[in-house]
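Reader: I would like a close look at a single part of this model, the aromatic rings and what lies around them. Please take it step by step.

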Amino acid sequence: MSVINIKVTGCIVTHNNMSSIDETIKILLKHTKGVDFKLTVVDNLSTDGTPEYIGKTYPEVQVIETKTNKGFGSGHNVVLSELDSVYHCVINPDISINEDVIAKMTAYMQEHPEIGLLSPKICFPDGRMQILGKRNPKIKYLVASRMRNEEDPHKFLREYAMLDEDLSKPCEIENATGCFMMFRTDLFKKIGGFDERYFMYFEDCDITRTVRKFAKAVFYPEATVYHVWGRESKKNFKLMLVQIASMFKYFAKWLGK
């Protein structure tokens, strides 16, 4: 299916991501040729010269400087009111692709109007699939994820990541990973984008759950995105506290729903 004339927008939110953003933008623009693609970078108060560098190096990329840092979801919501696309991609500043993933995902969503959110297969740069949550978070899943062993994942982690299902073909999921998500733009706008109460972490679980009130969220393994997954909350005490705060907000919001 040709999707060459379908408008797709993409947004990357940055905060001092100079070390990775250049390669991410370069590779996205190189491979994304099968759709009418417009990329925006929203900069959350970087001090490393990121917005200036992007503006000079990639004039085709829109740069918005927020002059503040209210977090991942808030940054992505900056573009909400101006989106005029059919599909919108939320993209991390540390991803890579080796084919036209966006056109491939667009074609699949064109064929499946019941899908509101499409999630690709996420792999490490060496090609190993990342073990990521695809079911709604539960305390037992989060503990298993925190104590994970990539080589021999605990049964709760396997359950959380739906490793007990056939992930070689598209399937519905409850939880999509925020490093790369494709939404129907009209639905993304209808739900108001991300819940800005989350500074970081759990906003992807939350928005997937909201999308599923109106449409399907689907895992699409035919499209692969490579992600440098740093698991910074395991190394940084402040980020761990942010993650815990977001966890409490998530469970308080969805308890009993």
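Which residues do ring pairs link into a cluster?

Author: In this predicted model, ring pairs join Phe72, Phe183, Phe188 and Phe194 into a cluster. The structure as a whole holds 8 aromatic pairs, and one of them is formed by phenylalanine 72 and phenylalanine 194, whose ring centres lie 5.6 Å apart with 75° between the planes, an edge-to-face arrangement. Because phenylalanine 72 belongs to helix 3 (residues 72–77) while phenylalanine 194 sits in the loop between helix 7 (185–190) and helix 8 (203–211), this pair ties together parts that are 122 residues apart in sequence. With buried taken as under 20% relative accessible area, phenylalanine 72 counts as buried at 15% relative accessibility, and phenylalanine 194 likewise counts as buried, at 3%.

A further pair brings together phenylalanine 202 and tyrosine 250, with ring centres 5.7 Å apart and planes at 40°, so this pair is tilted. Phenylalanine 202 is placed in the loop between helix 7 and helix 8, and tyrosine 250 in helix 9 (residues 237–254), so the contact ties together parts that are 48 residues apart in sequence. Phenylalanine 202 is buried, its relative accessible area being 8%, and tyrosine 250 is buried with a value of 0%.

A ring can also face a charged side chain: lysine 134 lies over the face of phenylalanine 219, at 4.9 Å from the ring centre. Both residues reappear at the second largest cavity, which has a volume of about 60 Å³; 13 residues line this cavity, and the closest to its centre are Ser119, Pro120, Lys134, Thr177 and Phe219. Strand 6 (residues 115–123) supplies the largest share of that lining, 4 residues, and by class the lining has 6 nonpolar, 5 polar and 2 charged residues.

For completeness, the count of cavities of 30 Å³ or more comes to 2, and the largest cavity holds about 70 Å³ of space. Its lining is made up of Thr9, Gly10, Lys38, Thr40, Gln62, Val79, Glu82, Leu83, Asp84 and His88, and the elements that give two or more residues to this lining are strand 1 (7–14) and strand 2 (36–43). In the largest cavity the lining residues divide into 2 nonpolar, 5 polar and 3 charged.

How values were computed. Residues are numbered from 1 along each chain as its sequence is written. This is a predicted model: local features need pLDDT of at least 70, side-chain atom pairs count only at pLDDT 80 or more; totals for chains, interfaces and linings use all residues. Side-chain values use heavy atoms; hydrogens and water are left out. Rings of Phe, Tyr and Trp (its six-membered ring) pair if their centres lie within 6.5 Å; planes under 30 degrees apart count as stacked, over 60 as edge-to-face and the rest as tilted. Buried means under 20% relative accessible area, exposed over 50%, partly exposed in between (1.4 Å probe, protein chains only). A charge sits over a ring if NZ of Lys or CZ of Arg is within 6 Å of the ring centre and within 35 degrees of the ring normal. On a 1 Å grid over the protein atoms alone, a cavity is a set of points where a 1.4 Å probe fits but cannot get out, and a pocket is an open set with protein on both sides within 12 Å along at least five of seven lines; lining residues have an atom within 4 Å of a point. Grid points are joined across faces, edges and corners, and a volume is the space filled by probe spheres set on the points. Ala, Val, Leu, Ile, Met, Phe, Trp, Tyr, Cys and Pro count as nonpolar, Asp, Glu, Lys and Arg as charged, and the others, Gly among them, as polar.
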